[in-house]
Amino acid sequence: MSDTAAHPSQHPDENPGVRLREVLAQMPDYKPGKPAAAPAGVTAYKLSSNENPYGPLPSVLSAIDDAAASVNRYPDMAVTALTQRLAKALDVPAECLATGTGSVAVLAQIVNAACDAGDEVVFAWRSFEAYPIVTQLAGAKPVMVGLDERARHRLDAMFAAITDRTRVVLVCTPNNPTGPCVHQAELEAFLDKVPSDVIVVVDEAYVEFVRDPEAVRGLDVWRDRPNVVVLRTFSKAYGLAGLRVGYAVAHPPVAAALRKTATPFGVNSIAQAAAIASLDAFDELTERVETLVAERDRVVRALTDQGWKLPQSDANFVWFPLGADSTAFLQACEEAGLMVRQYGDDGVRVTIGEPEANSRLVEVAGRFGAR
């Protein structure tokens, strides 16, 4: 007799004996960007997820095709070939690298490696929305420190928020979703004060788009600071968001801990091959990045000419700090076939996409009126 027949009145999803963690009811859900949609006759553009609008290079597609032939086998759990290739590209020892399924997974590895229940993770807010999620999943407490009036990190306030339970500080530069980067001098001054047993993560998911000459140089900071971890991804500039590859550069004891907390066989064989091929094609990818940076600058100039006062962006997106007008702006964009990302009543983030999409954004913003 089946279990269902034996207990006909009990729905499988209604078992009163199942206990789930209380923190799950308190955590926000991660909300992915909306897929492209538009009214009839209007071309839709997805500008809601900070994706690279360009598809993989031919050499990368070829590597993906070759790797697909062996997906019946487990990937190299040690991610050896990609680790060695990254070590060469970054001029760092291979033992200082740890990989994962996107930088958000490596972030979770960091928090899980550092935090026990009740420990604290300090970060700016608003910043990457996964920060409070991965913190709470590890049983730790998120400590959020508000941005300044220019949507930048307030590092002095973040230092003041550090307690004896703080295990990790997250510094997102450029900051997602607002765009400004942290400057080298201010981060160095901050690190001089932070206790040496607290891990400071320099999250550089958008580093390839940075043009501010004063911006943090994460690897330079890491080389002199045993408690610094640099976090990067192949999802943005490299255009491999769908394959999920990220990595951390950390000093050997920390990197070893991150490898211990990684999901076994997490970085699949196709992703590893594509990441290596992307590193090999870096010059071609750089041309695409320069195109996106030029488009970002064009959009910002046009919006500034319209009277918009936006935070400086060194990423592949722009931030509209619209407050209570955020919903209306979202609706105006969607009516024009632009899928953008609203963050409650804080503002709206718009990814730099195809030139046609960017021009349409400027038109929508002009009709909406500068704020």
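Strands, a Helix and Two Cavities

Mentor: In strand S4, methionine 144 is the bridge partner of phenylalanine 123. Please keep in mind that this is a predicted model.

Trainee: Which way do S3 and S4 run when they pair, and over how many bridges?

Mentor: S3, residues 120-125, and S4, residues 141-146, are parallel, with six bridges between them.

Trainee: What does the chain pass through from S3 to S4, and is the crossover right-handed or left-handed?

Mentor: The chain passes through helix H6, residues 130-137, on its way from S3 to S4. This β-α-β crossover is right-handed.

Trainee: What about the sheet: how many strands form it, and in what order?

Mentor: Seven strands form an open sheet, and their order is S2-S8-S7-S6-S5-S3-S4. The pairing in this sheet is mixed.

Trainee: Which are the edge strands?

Mentor: They are S2, residues 97-100, and S4, each of which pairs on one side only.

Trainee: And what is the average twist?

Mentor: From one strand to the next, the twist averages 25°.

Trainee: Back to the pairs. How many bridges join S6 to S7?

Mentor: S6, residues 199-203, and S7, residues 228-233, run parallel and are joined by four bridges. Within this pair, leucine 231 of S7 stands opposite aspartate 203.

Trainee: Which strands does helix H4 lie across?

Mentor: Helix H4, residues 80-90, lies across S2, S7 and S8, the last of these being residues 246-249. The helix runs at about 125° to S2.

Trainee: Changing topic, how many cavities of 30 Å³ or more are there?

Mentor: The count is two. The largest cavity holds about 50 Å³ of space, and the second largest holds about 30 Å³.

Trainee: Which residues line the largest one?

Mentor: Its lining consists of Asn52, Tyr54, Gly55, Pro56, Leu57, Val60, Ala237, Tyr238, Gly239, Ser278, Leu285 and Arg288. By class, seven of these are nonpolar, four are polar and one is charged.

Trainee: And which residues line the second largest cavity?

Mentor: Leu86, Glu208, Arg232, Thr233, Phe234, Tyr238, Tyr247 and Leu279 line the second largest cavity. Five of them are nonpolar, one is polar and two are charged.

Trainee: Which residue appears in both linings?

Mentor: Tyr238 lines the largest cavity and also the second largest.

Trainee: How does that second lining relate to helix H4 and the strands?

Mentor: Leu86 is in the lining, and helix H4 spans residues 80-90. Arg232 and Thr233 are also in the lining, and S7 covers residues 228-233. Tyr247 lines this cavity as well, and S8 covers 246-249.

Note on methods:
Residues are numbered from 1 along each chain as its sequence is written. This is a predicted model: local features need pLDDT of at least 70, side-chain atom pairs count only at pLDDT 80 or more; totals for chains, interfaces and linings use all residues. Side-chain values use heavy atoms; hydrogens and water are left out. On a 1 Å grid over the protein atoms alone, a cavity is a set of points where a 1.4 Å probe fits but cannot get out, and a pocket is an open set with protein on both sides within 12 Å along at least five of seven lines; lining residues have an atom within 4 Å of a point. Grid points are joined across faces, edges and corners, and a volume is the space filled by probe spheres set on the points. Ala, Val, Leu, Ile, Met, Phe, Trp, Tyr, Cys and Pro count as nonpolar, Asp, Glu, Lys and Arg as charged, and the others, Gly among them, as polar. Two strands pair if DSSP finds at least two bridges between them. A crossover is right-handed if, with the strands pointing away from the viewer, the path from the first strand over the helix to the second runs clockwise. Axes are lines fitted to C-alpha atoms, for helices over the stretch in contact, and angles run from 0 to 180 degrees between N-to-C directions. Contact means heavy atoms within 4.5 Å.
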